[in-house]
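Reader: I'd like a close look at one part of this protein, with the charged pairs as the way in. Could you walk me through it in plain words?

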Amino acid sequence: MERNDASSDGIRRRDRSRERTPRDGTHTRRAALAASATALLTAVAGCTTAMDFIGDRLLEQVNVFNETDRRVAGSIAVGDPAGETVLDETFDLAPSESGNDNEGSASGDDEQSVAVYDDVWGDAGSYEVTVELTDTEIDGRSRASETVTISDPDEQLLGVALGSEEVGEPIGFRVGESLSDLA
């Protein structure tokens, strides 16, 4: 029902008091879906941003993540494009907190499930990375090698995931610029 009222200046104006608009608290289905989608995207973006913010403060150029439910020890070696060894270190990592509390669990301990190494990359190029586990296997594998390409040594990180379901390999390698790229 539309009503026209004459105003004091003689111009007829529409009385919209009976029309519903999104501003009066009544939303169409489309508006509700749009609002829900926006909230979901904002929440997801916030998580990635928060994850990357934390990762920027904790991660270094080469990072080894234990995603298993048991202690994992081993070594990592990295050869630069000229064939020189630029990293040759051992690690002893506590079980991932996301795993079950089984043998070797470090609940409540200050032990880490991540090993980080800096000052590895020199120039851009292909780096040969070898990981060898000591006295253990993950899905039947105790050794893995991968050639990774580093195009921006100042920005790129290497993540070596041990037993991660997201990577698809028992020992997986990922290059990226942030923690969310490595996940």
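Which side chain does R141 meet in a salt bridge?

Author: Before the details, keep in mind that this is a predicted model. The side chain of R141 meets that of E169, and the N to O distance of this salt bridge is 3.2 Å. R141 sits in the loop between β7 and β8, while E169 sits in the loop between β9 and β10, so the bridge ties together parts that are 28 residues apart in sequence. How covered are the two ends? R141 has a relative accessible area of 31%, so it counts as partly exposed. E169 is partly exposed too, at 40%.

Let's stay in the loop that holds R141 for a moment. T136 is found there as well, between β7 (125–133) and β8 (143–150). With a relative accessible area of 17%, T136 is buried, because the cut-off for that word is under 20%. The side chain of T136 makes a polar contact of 3.5 Å with the side chain of R70. Setting aside neighbours within four places in sequence, T136 touches R70, V72 and S142.

Now for the other salt bridges: the structure holds three. One of them joins the side chains of E132 and R143, at 3.6 Å from N to O. Here E132 belongs to strand β7 and R143 to strand β8, so the pair ties together parts eleven residues apart in sequence. E132 is partly exposed, at 38% relative accessible area, and R143 is partly exposed as well, at 45%. Another salt bridge brings together the side chains of R71 and D92, at 3.1 Å from N to O. This pair links distant parts of the chain, since R71 is in the loop between β3 and β4 and D92 is in strand β5, 21 residues away. R71 comes out as partly exposed at 30% relative accessibility, and D92 as partly exposed at 48%. As a general point, side chains of opposite charge can pair when their charged atoms come close.

Those strand names make more sense once you see the sheets. One open sheet has four strands in the order β5-β4-β7-β8, with antiparallel pairing. Its edge strands are β5 (85–93) and β8, each of which pairs on one side only. From one strand to the next, the twist averages 20 degrees. Within this sheet, strand β4 (residues 72–79) and β5 run antiparallel and are joined by eight bridges. If you want a spot to click on, G79 stands opposite T85 in β5.

There is also an open sheet of four strands in the order β6-β3-β9-β10, and its pairing is mixed. β6 and β10 are at the edges with a single partner strand each, so one side of each has no neighbour in the sheet. The twist in this sheet averages 15 degrees from one strand to the next. β9 and β10 run antiparallel and are joined by six bridges, and V160 has F173 in β10 as its bridge partner. Towards the β6 edge, strand β3 (residues 62–66) pairs with β6 in the antiparallel sense over four bridges. V62 is the residue opposite Y117 in β6. Strand β6 (residues 114–117) has two faces: A115 and Y117 are on the covered one, V114 and V116 on the uncovered one.

That brings us to the inside. The largest nonpolar core has 25 residues, and V64, I76, F91, Y117, V131, V160 and L162 are those with the most contacts inside it. Two or more residues of this core come from each of β3, β4, β5, β6, β7, β8, β9 (157–162) and β10 (171–176). β7 gives the most, with four residues. To see how this works around one residue, take I76: leaving aside neighbours within four places in sequence, its contacts include V62, V64, L87, F91, Y117, V129, V131 and V160. Apart from this core lies another one, of five residues, including L59, F65, L157 and L179. In general, nonpolar side chains of soluble globular proteins tend to be buried together.

So, back to where you came in: R141 and E169 meet in a salt bridge, with R141 in the loop between β7 and β8 and E169 in the loop between β9 and β10.

Note on methods
Residues numbered from 1 in each chain as written. Predicted model: local features only at pLDDT ≥ 70, side-chain atom pairs only at ≥ 80, totals over all residues. Heavy atoms only, no water. Buried < 20%, exposed > 50% of the residue type's maximum accessible area, 1.4 Å probe, protein only. Polar contact = N/O pair within 3.5 Å; in protein donor to acceptor, adjacent residues only side chain to side chain. Contact = heavy atoms within 4.5 Å. Pairing = 2+ DSSP bridges. Axes fitted to C-alpha atoms, helices over the stretch in contact; angles between N-to-C directions. Core = buried A, V, L, I, M, F, W, Y, C linked by side-chain atoms within 4.5 Å. Salt bridge = Lys/Arg side-chain N within 4 Å of Asp/Glu carboxyl O.
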